[in-house]
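Hi there,

Here is the structure I promised to pass on. Have a look at it first, and then read on for my notes.

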Amino acid sequence: MIELRAVTRTYRSRGATVRALDGVDLTVEAGRNLALVGRSGAGKSTLLRVLLGLEAPDGGTVHVLGRPVAPGRADRLRWLRAAVGVVPQDAGSSLDPRWPVGRSVGEPLRLLGVAGDHPARVGEVLTAVGVDPSAAGRRPAAFSGGQRQRIALARALVHRPRLLVADELLSGADAVLRAHLLDVLTGSGTQLLVVTHDLAVAAALGGDAAVMAAGRVVEHGPVAQVLAAP
Ligand code: ADP
Ligand code: ADP
C-alpha cells in the first residue's frame, strides 16, 4: 500500500515560493495500478521523488508497502530500492553509454546483492521485453530508441520489484511499442504507478487514476470514472 498524508513540499526560487505539493492525501491499495495525471507543473514528479525517498517533504507522512519513507542514509532505504523498480523520465537515455546493456540491466541485482545466476535472469527479462538476449554484450548506441526504452524497462523489472514507478515511460513510443510495453507491464504482476499525459495509457493500466492540480490530488477513483468526469 502507498499512503501519503498531508504531504507538503515548498521550493523557493528567486524570492518566490512554489508549493509543489500542497497537502497531498493519497491512498493506493496494494496491487492496484495508478495512473497519475495532471498538467505540467502540477507536482507529479515531486510526488514521485518524495515517494522514492529522493527528496524530503516539509511536512506530512509517506508510507510505501506499509513502511515509512524517511529520506536519509541510503542504507536505510535499501528495502525501498529492493521493493521498487524505477523507470526514469527519458528512460532510453538513462543507460550508461559505456556499458554493455546486459551489465546495466543486471546492475540492480549486484547493488542489492541478490543471489543467483544474474546473466540468466538478465536474459530472461530482456526476452520478456522483446530484446534479443544475445545482444546483451552491445552498448546502448547499437540499439534504436525504442529498444533502449525496452532495455530500461528490463532494468527496472530485473529484481522482481513489488512496485514499478515510471515517469512518462511511454512518451515518444510509437503505438506498437506502447502496446507491447503495456502488455509487459500489466503482465508482470507488479503494481504500477505511472505518470502519464496519455489517457489511453491510463485506461490500459486498468486501475485507478489520480488527477493532480496545483500540488494537490483533486480527483481519485477508478480510471473509467475519473476520465469520464467533466
Ligand atoms: P509535474 O511533474 O507535474 O510537471 P513538478 O513536480 O515537476 O510538476 O513541479 C511542481 C512545481 O514545483 C512546479 O511549479 C515546478 O516549477 C516546481 N519545482 C519542481 N522542482 C523544483 C526545484 N527543484 N526547484 C524549484 N522549483 C521546483
Ligand atoms: P530525476 O528526477 O533526476 O529523473 P527520478 O525521480 O526519476 O530522478 O528518480 C530516478 C532515479 O532514482 C534513478 O535514476 C535512481 O538513481 C534512483 N532510484 C530510486 N529508486 C530506485 C530503485 N528502486 N532502483 C533503482 N534506482 C532507483
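In helix 1, the buried residues are Lys44, Thr46, Leu47, Leu48, Val50 and Leu51. That makes helix 1 a mostly covered element, with 6 of its 8 residues buried. Please keep in mind throughout that this is a predicted model. Just past the end of helix 1, glycine 53 adopts a positive phi of about 70°, in case you want to look at the backbone there.

Helix 1 also matters for reading the surroundings of ligand 1, since it gives the most to the shell there, with 4 residues. The whole shell consists of Tyr11, Val18, Ala20, Arg39, Ser40, Gly41, Ala42, Gly43, Lys44, Ser45, Thr46 and Arg49. Sorted by class, this shell around ligand 1 holds 4 nonpolar, 5 polar and 3 charged residues.

Which atoms of threonine 46 approach an oxygen atom of ligand 1? An N or O atom in the side chain of threonine 46 does, at 2.6 Å from an oxygen atom of the ligand. With serine 45 the partner is a backbone N or O atom, 2.8 Å from an oxygen atom of ligand 1. Alanine 42 likewise places a backbone N or O atom 3.1 Å from an oxygen atom of ligand 1. On its own, ligand 1 would expose 560 Å², and the protein buries 64% of that. Two elements give two or more residues to the shell around ligand 1: strand 2 (16-28) and helix 1 (44-51).

Now to ligand 2. Around it you will find Arg49, Leu54, Arg81, Val84, Val86 and Pro88; Arg49 is also listed in the shell of ligand 1. A polar side-chain atom of arginine 81 sits 2.8 Å from a nitrogen atom of ligand 2, while valine 84 brings a backbone N or O atom to 2.5 Å from a nitrogen atom of ligand 2. Taken alone, ligand 2 exposes 570 Å², of which the protein buries 57%.

Away from the ligands, the interior is worth a look. The largest nonpolar core has 42 residues, and those with the most contacts inside it are Val87, Val105, Leu126, Ile151, Leu153 and Leu164. Helix 5 supplies the largest share of this core, 6 residues. To follow one of these residues, try isoleucine 151: leaving aside neighbours within four places in sequence, isoleucine 151 is in contact with Leu95, Val101, Val105, Leu126, Val131 and Phe143. There is also a second, separate core of 31 residues, which includes Ile2, Leu77, Leu193 and Val195.

Two more residues caught my eye. Glutamine 149 is part of helix 5 (residues 145-157). Is glutamine 149 buried or exposed? Its relative accessible area is 11%, so glutamine 149 is buried, the cut-off for that being under 20%. Not counting residues up to four places away in sequence, glutamine 149 touches Gly92, Leu169, Ser171, Ala173, Leu177 and Leu181.

The other is aspartate 96, in the loop between strand 6 (84-87) and helix 3 (101-112). Aspartate 96 counts as buried because its relative accessibility is 18%. Its side chain joins that of arginine 98 through a polar contact of 2.7 Å. Leaving aside neighbours within four places in sequence, aspartate 96 is in contact with Ser104 and Pro140.

Happy to talk any of this through.

Best wishes

Conventions. Residues numbered from 1 in each chain as written. Chains lettered and ligands numbered in written order. Predicted model: local features only at pLDDT ≥ 70, side-chain atom pairs only at ≥ 80, totals over all residues. Heavy atoms only, no water. Near = heavy atom within 4 Å. Polar contact = N/O pair within 3.5 Å; in protein donor to acceptor, adjacent residues only side chain to side chain. Areas by Shrake-Rupley, 256 points an atom, 1.4 Å probe, with all protein chains shown as cover. Nonpolar A, V, L, I, M, F, W, Y, C, P; charged D, E, K, R; others polar. Buried < 20%, exposed > 50% of the residue type's maximum accessible area, 1.4 Å probe, protein only. Contact = heavy atoms within 4.5 Å. Core = buried A, V, L, I, M, F, W, Y, C linked by side-chain atoms within 4.5 Å.
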